[in-house]
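Here is a small set of exercises to work through with the structure open beside you. Try each task before reading its solution.

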Amino acid sequence: MTDDLNVLEPAGSSVKYRGEALEIVPLKIGQLPKLVRTARPVIDAVLALESLPDENGGELVTLVMDLIEQHDDKVFAAAAICTGKDAVWLQEGDIDEFIVLAKTVFEVNRDFFVQKLAPLLGGRAAALAAATTGGGATSSSS
């Protein structure tokens, strides 16, 4: 029964940001409309990628920095929705802390972003979801 509950409610994670421990928890259904409206260009940019960046390489840093450069206010507004903190407060953090925060928000919500949201938004988003989850079209043996 405990395993069933873990499937229903994914675990959150804690991140240190500006000297505070922030609890990053899975998004609630009520946050989604505002998140999609606020961060649609950011979401579209991530979903347009051929694959998600390697979490251990510099690709994630480059992606986050590119998103901030191209969609600064929207990135911080989305992070505010996901963390419950004020966007201006988040902007005062260190770059390395923000990258860890962004990575953690994505990791905690990965299943939702990739398996649920991407197919709803269609096109390349669905292809990204398939590539990330190992699903998608396979060749026929006939």
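**Exercise 1. A residue in helix 5**

Task: Find which residues T104 touches, not counting residues up to four places away in sequence, and decide whether T104 is buried or exposed.

Solution. Keep in mind that this is a predicted model.
- Step 1: beyond residues up to four places away in sequence, T104 touches S13, V15 and I24.
- Step 2: place the residue in its element, and T104 turns out to sit in helix 5, residues 95-108.
- Step 3: the relative accessible area of T104 is 8%. Buried means under 20%, so T104 is buried.

**Exercise 2. Another position in helix 5**

Task: Work out where E107 is found, and whether E107 is buried, exposed or partly exposed.

Solution.
- Step 1: E107 belongs to helix 5 as well.
- Step 2: its relative accessible area comes to 35%. The partly exposed class lies between 20% and 50%, so E107 is partly exposed.
- Step 3: look across to I24, which is 83 residues away from E107 along the chain; their C-alpha atoms are separated by 9.7 Å.

**Exercise 3. The overall layout**

Task: State how many helices and strands the chain has, and in what order the elements run from the N terminus.

Solution.
- Step 1: counting elements gives seven helices and two strands.
- Step 2: reading from the N terminus, their order is α-β-β-α-α-α-α-α-α.
- Step 3: of the 142 residues in the chain, 34% are buried.
- Step 4: turn to contacts with a separation of 6 or more, where residues 24 or more positions apart account for 60%.

**Exercise 4. The two strands and their loop**

Task: Find where L22 and R18 are located, and set out how each is classed by accessibility.

Solution.
- Step 1: L22 lies in strand 2, while R18 is in the loop between strand 1 and strand 2.
- Step 2: L22 has a relative accessible area of 6% and is therefore buried. R18, at 36% relative accessibility, counts as partly exposed.
- Step 3: check the backbone of R18, where phi is positive, at about 55°, although the residue is not a glycine.
- Step 4: list the contacts of L22 outside four places in sequence: S13, S14, V15, Y17, K85, W89 and L101. The last of these, L101, is 79 residues from L22 in sequence, with 8.9 Å between the C-alpha atoms.

**Exercise 5. Helix 3 and its partners**

Task: Describe how helix 3 packs with helix 2 and with helix 5, and which classes of residue make each contact.

Solution.
- Step 1: helix 2 (residues 32-47) packs with helix 3 at an angle of about 140°, the axes being 9 Å apart. That angle makes helix 2 oblique to helix 3.
- Step 2: helix 2 passes helix 3 in a left-handed crossing. The contact draws on K34, L35, T38, A39, P41, V42, A45 and V46 of helix 2, together with L67, H71, K74, V75, A77, A78, I81 and C82 of helix 3. By class, these residues of helix 2 and helix 3 are twelve nonpolar, two polar and two charged.
- Step 3: for helix 3 and helix 5, the angle is about 70° and the axes are 11 Å apart. Helix 3 is therefore roughly perpendicular to helix 5.
- Step 4: helix 3 also passes helix 5 in a left-handed crossing. Among the helix 3 residues here are L60, V64, I68 and A79, and the helix 5 side includes F98, L101 and V105. The contact of helix 3 with helix 5 has 15 nonpolar, one polar and one charged residues.

**Exercise 6. Into the core**

Task: Determine how many residues the largest nonpolar core has, and which element gives the most to this core.

Solution.
- Step 1: the largest nonpolar core has 32 residues, and those with the most contacts inside it are Y17, I24, L35, L90, F98 and L101.
- Step 2: two or more residues each come from strand 1 (13-17), strand 2 (20-24), helix 2, helix 3, helix 4 (87-91) and helix 5. Helix 3 gives the most, with twelve residues.
- Step 3: follow F98, which touches Y17, V64, I68, V75, F76 and A79 beyond four places in sequence.
- Step 4: A79 is in helix 3 (residues 59-83) and, at 12% relative accessibility, counts as buried. Outside four places in sequence, A79 contacts L90 and F98.
- Step 5: for a general setting, nonpolar side chains tend to be buried together in soluble globular proteins.

Note on methods
Residues numbered from 1 in each chain as written. Predicted model: local features only at pLDDT ≥ 70, side-chain atom pairs only at ≥ 80, totals over all residues. Heavy atoms only, no water. Helix = DSSP H or I, 4+ residues; strand = E, 2+ residues; numbered from the N terminus. Buried < 20%, exposed > 50% of the residue type's maximum accessible area, 1.4 Å probe, protein only. Contact = heavy atoms within 4.5 Å. Axes fitted to C-alpha atoms, helices over the stretch in contact; angles between N-to-C directions. Parallel < 35°, antiparallel > 145°, perpendicular 65-115°, else oblique. Left-handed = near helix turned anticlockwise from the far one by under 90°. Nonpolar A, V, L, I, M, F, W, Y, C, P; charged D, E, K, R; others polar. Core = buried A, V, L, I, M, F, W, Y, C linked by side-chain atoms within 4.5 Å.
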